[in-house]
Amino acid sequence: MERKPYYITVQVGMQNAEIRNSKGESSYDFEVHATEDEAALLKDLMEEAYHSDTIGYFHSHFFANVIDTADRDHMIYDRLLNEIYLTIYDLGTDQTKKDIEEMGILERLKEVKPSHNPTDPNLLQ
């Protein structure tokens, strides 16, 4: 499959995160070159992270008496963010890779075992 440029916005809360195939007039955080399948995977990860963040909010505010639920939710969200940033780095342009390296998070991201199922209970140990 042919790789095309995509423009990624990653914002706090994942509600405003997006991947688009044209620059448009909106700002973006990162540029990647991806196949349609890779772009779809990245979009799915962003949607999962948004969903996970929402679930975590409700668990921490309305079900605080359930032991470890909020911690587990945060671990799932963190793993999804790690996978999003690793995927962006792997597919990124030289400038994108440089930007992520300058963020100082790359080594930490690589410490966490990537998975295409961040909610796998075996990864939450």
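**Contacts of A34.** I started by listing what A34 touches in this predicted model. Leaving out residues up to four places away in sequence, I found E2, R3, K4, Y6, A39 and L91.

**Distance to M1.** Next I checked how far A34 sits from the chain start. M1 is 33 residues away along the chain, yet I got 9.0 Å between the two C-alpha atoms.

**Buried or exposed?** I wanted to know whether A34 is buried or exposed. The relative accessible area came out at 0%, and buried means under 20%, so A34 counts as buried.

**Which strand?** I looked up where A34 belongs, and it is in strand β3, which covers residues 30-34. Then I asked how much of β3 is buried. Four of its five residues are, so the rest of the structure largely encloses this strand.

**Who pairs with β3?** I followed β3 to its partner, strand β1 (residues 4-9). The two run antiparallel and are joined by five bridges. Opposite A34 I found K4, which had already turned up in my contact list for A34.

**The whole sheet.** I zoomed out and noted an open sheet of three strands in the order β2-β1-β3, paired antiparallel. Why do β2 and β3 each have a side without a neighbour in the sheet? Both stand at the edges with a single partner strand, so one side of each is left free of sheet neighbours; β2 spans 18-20. I also wrote down the twist, which averages 30° from one strand to the next.

**Note to self.** Side chains in a regular strand alternate between the two faces of the sheet.

How values were computed:
Residues are numbered from 1 along each chain as its sequence is written. This is a predicted model: local features need pLDDT of at least 70, side-chain atom pairs count only at pLDDT 80 or more; totals for chains, interfaces and linings use all residues. Side-chain values use heavy atoms; hydrogens and water are left out. Buried means under 20% relative accessible area, exposed over 50%, partly exposed in between (1.4 Å probe, protein chains only). Contact means heavy atoms within 4.5 Å. Two strands pair if DSSP finds at least two bridges between them. Axes are lines fitted to C-alpha atoms, for helices over the stretch in contact, and angles run from 0 to 180 degrees between N-to-C directions.
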